[in-house]
Amino acid sequence: MIVAEGLSKTYGKVRAVDHVSFTVEPGRVTGFLGPNGAGKSTTMRMILGLDRPTAGRVTVNGAPYTHHRAPLTQVGALLEAKAVHPGRTARAHLMTVAATHGIGRARVDEVLGLTGLSDVAGKRVKGFSLGMGQRLGIAVALLGDPATLILDEPVNGLDPEGVKWVRDLSRMLAAQGRTVFLSSHLMAEVAQTADHVIVIGRGRILADTPISALLAGSGQESSRLRAPRAAELATALRTKGFAVRQTDAEHLDVAAATKDIAETALAAQIAVHELAPVRTSLEEAYLALTADEVEYRSSVGAPSNPYQQPDQQPDQQPDQPSTVPTRPVEVVR
Amino acid sequence: MTTHSPDLVPTDASDRLRVTFGRVVVSEWRKMVTLRSTWWTLSIMVALHAGIGLLMAVYTRINGSNLTPEEATDWAVGPTQMTQLAIVVLAVMTITSEYATGQIRVSATAVPSRLPILTAKALVLGCVTLVAGVLGVALSVGASMVVGGGTVAFTLSGTETARLLAATPLYLVGIALVSLGVGALIRSTGGTIATMMGLLLVVEQILMAIPFHLTKLIAPWLPSNAGSLIRYDLDFLETVKEVVAPGAYLGPWGGFAVLLGWAVLFGVLAGVRLRSRDV
């Protein structure tokens, strides 16, 4: 169990993590999702006591990480692939880490087996692929048989078989009652592995929800329509309290069910030529959530509004370019 | 809170498994001996001492004369000025390679209080350097005794000879610890090696050579200048006494104490930085 309360980290003037609170529960895989630079790694480093929070606190299994007398038996962490001296063999690396806790060679050989590295245990890490480096990092994480696992981008650089292995391992560890907290910048990956997801963007928690709820957009539906008098219809819909984005002269994206739109249009006596519900894929839900929060966007020339409130929906800024239909998604803060 | 599968270590293992200083020392020892670079630098160091001793013994014999104990001591201890560079590289790499590779984050995760990592590194590095230094000097003296002719009989009761032979291992330990501390402060391999080489080979010697009162007062207190006094015979110590400012002559053991003082100073600063800064 990981509990963060008002956790913040500031580097100079940059707020990498901004007053973040969340709980990672045992017995399930919790995905930590966000674009690169959103603050995932910084948050994980603070959990492990590597970075000191500017404000707030975080505990693991009831105590700050640095207070544990046998931290490797509490938390196993994979922070970066190949955080290993390349001149050391895989077994030698594990033995140096194991030594700090008095963990014996038997357990070292066991985790080498668990991660499929037995055959290369005597080889120097210099010659390892990124995937083998990831496996070695996971072997280190498993050394102390910890109740909590923190894996930062564990599938990076893994081949499909390795990706499946990490997925199965994560699920197995969670099924054993452990806390599994894994980060990714890929929604699809988290969707396939995690039961619960915490979405972070620009250092803030955007959503803390079961995967299924994120997919359903917390009950919110959205639709796309074409109407010759789109602008008038947009005004009518907004009056009703729906979020609307006009994509061109005749098209609108509306955060409402088709039924509500049809009735609004009828009441306003505005003809609608096309009306269709928009299915939300996880990827789209994620992109919609983080559209305003990615630090480096690819669309050049999009003026960012410094006065924009964090809880403002993207559809209230019709000028903002977006590749996805906008809809309000339950935002947890 | 957790139910562990039977193939894994039982939960109550955390009572038995925990971090102790002795275990961190074992970890640091394994880190040091499992790297080839450790053996390379130590071999070069020992080989230089032994090789130069052997060469000079052979050279003396070819010239038809016998090696005196003073000469044999000189050749055993003399290469220290050169071999300290190997020790600087070893000591610096001990800490900076962890930052270069990211290993430090694994180390700090295993030992969250961090300070034992640095202390254990200093202990292991100090012992390894001491043993290598003794070995280098012993091999050199041995070569002299075997090749140099029958008259080389060392009487270690002669306190000056004993001090000179002990000087190399002790001086190297001091330089190793200073290098470790500076490395932990700077954190970059290139930066630290450049700093240490510049200090040992250039800055200290130039300051010593500048004929101003101030530099003659300060230069003798710098790590290598002070520590080197232990390596000088009595004649050379007299020369040093005349060159430095009055009151800045530290004596062989005083100078060595000052070198250790530098090691402690850099060690404390490094410890503070290690504990207070993110890794």
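Partly exposed residues have a relative accessible area between the buried limit, under 20%, and the exposed limit, over 50%.

**Figure 1. A nonpolar surface patch on chain B of the predicted model.** B:Val202 has a relative accessibility of 42% and therefore counts as partly exposed. This residue sits in helix H9 (residues 189-209) of chain B. Together with B:Leu201, B:Val203 and B:Ile206, B:Val202 makes a nonpolar surface patch of about 300 Å². For chain B as a whole, about 12,300 Å² is exposed, and carbon and sulfur atoms supply 71% of that area.

**Figure 2. Overall build of chain B, with 13 helices and zero strands.** The C-alpha atoms fill a box of roughly 80 × 45 × 30 Å along the principal axes. Of the 279 residues in chain B, 49% count as buried. Among contacts in chain B with a separation of 6 or more, 81% join residues 24 or more positions apart.

**Figure 3. Confidence along chain B, which averages a pLDDT of 88.** A score of at least 70 is reached by 91% of the residues. Among the elements of chain B, helix H2 (residues 21-33) has the highest mean pLDDT, 97, and helix H1 (residues 13-16) the lowest, 60. Over residues 1-14 of chain B the pLDDT is below 50, although this stretch has 28 contacts in the model beyond near neighbours in sequence. Where pLDDT is low, predicted coordinates should not be read in detail.

**Figure 4. The interface between chain A and chain B.** Contacts join 37 residues of chain B to 46 residues of chain A. The two chains bury about 3,700 Å² between them, with 56% of it on carbon and sulfur atoms. The predictor gives the complex an ipTM of 0.88 and a pTM of 0.81.

**Figure 5. Salt bridges between the chains, two in count.** In one of them, B:Arg105 pairs with A:Glu80, and the closest N and O atoms are 2.6 Å apart. A salt bridge also links A:Lys9 to B:Asp278, with the closest N and O atoms 2.7 Å apart. This pair crosses from strand S1 (residues 2-11) of chain A to the segment after helix H13 (252-276) of chain B. A:Lys9 counts as buried because its relative accessibility is 7%, whereas B:Asp278, at 22%, counts as partly exposed.

**Figure 6. Salt bridges within the chains.** The structure holds 24 salt bridges over all chains. In chain A, A:Arg45 pairs with A:Asp51 at 3.1 Å between the closest N and O atoms. A:Arg45 is partly exposed, with a relative accessible area of 21%, and A:Asp51 is buried at 3%. A:Asp109 and A:Arg105 form another salt bridge, their closest N and O atoms being 3.7 Å apart. These two residues are four apart in helix H4 (residues 105-114) of chain A, so about one helical turn separates them. In chain B, salt bridges link B:Glu28, B:Lys31, B:Glu98 and B:Lys121 in a network.

**Figure 7. Two loop residues with positive phi, A:Asp145 and B:Arg114.** Most residues other than glycine have a negative phi. A:Asp145 has a phi near 50 degrees and is found in the loop between helix H5 (130-142) and strand S6 (148-152) of chain A. Its relative accessible area is 5%, so A:Asp145 is buried. B:Arg114 has a phi of about 65 degrees and lies in the loop between helix H6 (103-110) and helix H7 (115-147) of chain B. B:Arg114 also counts as buried, at 4% relative accessibility.

Note on methods. Residues are numbered from 1 along each chain as its sequence is written. Chains are lettered from A and ligands numbered from 1 in the order in which they are written. This is a predicted model: local features need pLDDT of at least 70, side-chain atom pairs count only at pLDDT 80 or more; totals for chains, interfaces and linings use all residues. Side-chain values use heavy atoms; hydrogens and water are left out. Patches are made of residues with over 30% relative accessible area and no salt bridge: like charges are joined within 9 Å, nonpolar side chains (Val, Leu, Ile, Met, Phe, Trp, Tyr) within 5 Å. Accessible areas come from the Shrake-Rupley method with a 1.4 Å probe; for residues, only the protein chains shown count as cover. A salt bridge is a side-chain nitrogen of Lys or Arg within 4 Å of a carboxyl oxygen of Asp or Glu. Buried means under 20% relative accessible area, exposed over 50%, partly exposed in between (1.4 Å probe, protein chains only). pLDDT is the predictor's confidence in each residue, from 0 to 100. Contact means heavy atoms within 4.5 Å. Buried area is the accessible area (1.4 Å probe) that two parts lose on being put together, summed over both.
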